[in-house]
Structure formats: structure tokens, C-alpha cells
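The following exercises concern a single protein chain. Please study the sequence and the structure, attempt each task, and then compare your reasoning with the worked solution.

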Amino acid sequence: QVQLVQSGGALVQPGESLRLSCAASATSESIFGLYAMGWSRQAPGKQRERVATLTSTGSTTYADSVKGRFTISREKHTIYLQMDNLKVEDTAVYYCNAEVRTETDLADHWGQGTQVTVSS
């Protein structure tokens, strides 16, 4: 069974930085790779918004609202979202996702979500 476990959410002030992590793990089998990785967020009363994507070849895309402030990266089986110069409007629950290839499967998985609150 594959899991994506997130960490790093917090309450911060505008202008501060925060890094979210998303670690993939599997029980009883090995993970061979992560593909189509990304971070999305959902603010109260709003639809989920895709903020960053990372392909297995290293290509990245960002929503206009976070371009130049957020950076998606990965190290082995962990995906990161570095968020700099945070704004009040970045407040949301953040979710990671990735296509995970194991010995027996290739499927999309999502993290549990982590709260980021930006407030003075």
C-alpha cells in the first residue's frame, strides 16, 4: 500500500517562508519512481487549485498566483514545495500528489493535506 505523508504546515506571517514535504512510502514492496508530481491547495469556500507541477524529467509549471515565489522539487521519494514571500491569500490546505510506480502498480496517490495559514 502506497502512502504520501505530508508535513510542514504552519501559521506564518506575511513575507515569511515555509517548506512543505510529501514523502512517499510503500509497505511490502519497493517504489520504483514518482511521476506527474504536484501540489494543489484549497482555501475555504473555493475550489481546489493546482499551484505547481513537476514531471519526472524535471519540467515545472506554476500557477500565475505563485510564480516566482513557490518552488517545487523532489529528492528521491520526497516532494517539496518551498514557499517564499507568503501572502495572506496563500492561506489554504495544501495537498501533494504523485503517480507512484511500485513493483506491481502505477497509480495516482494524494497526501492527507496540511494547513498553511498566513496571517499577521
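**Exercise 1: Contacts of one residue**

T78 touches S21, C22, A23, L34 and S73, leaving out residues up to four places away in sequence; contact means heavy atoms within 4.5 Å. The structure is a predicted model, in which local features need pLDDT of at least 70 and side-chain atom pairs count only at pLDDT 80 or more, while totals for chains, interfaces and linings use all residues. Residues are numbered from 1 along each chain as its sequence is written, and side-chain values use heavy atoms, with hydrogens and water left out.

Task: State in which strand T78 lies, and whether T78 is buried or exposed.

Solution.
Step 1. T78 belongs to strand β8, residues 78-83. Strands (E, at least two residues) are DSSP runs, numbered from the N terminus.
Step 2. The relative accessible area of T78 is 17%. Buried means under 20%, exposed over 50%, and partly exposed in between, with a 1.4 Å probe and protein chains only. T78 is therefore buried.

**Exercise 2: The disulfide**

Task: Determine which cysteines form a disulfide, and which parts of the chain the pair ties together.

Solution.
Step 1. A disulfide is a pair of cysteine sulfur atoms within 2.5 Å. The sulfur atoms of C22 and C96 are 2.0 Å apart, and the two residues form a disulfide. By this rule the count is 1 disulfide.
Step 2. C22 is in strand β3 and C96 in strand β9 (residues 92-102), so the pair ties together parts 74 residues apart in sequence.
Step 3. The torsion about the S-S bond of C22 and C96 is about 65 degrees, so this disulfide is right-handed.
Step 4. C22 is buried, with a relative accessible area of 0%; C96 is buried, also with 0%.

**Exercise 3: The sheet**

Task: Give the strand order of the open sheet of 4 strands, and explain why β1 and β7 each have one side without a neighbour.

Solution.
Step 1. The order is β1-β3-β8-β7, with antiparallel pairing. Two strands pair if DSSP finds at least two bridges between them.
Step 2. β1 (2-7) and β7 (70-75) are at the edges with a single partner strand each, so one side of each has no neighbour in the sheet.
Step 3. β1 and β3 (residues 18-26) run antiparallel and are joined by 6 bridges. The bridge partner of V2 in β3 is A26.
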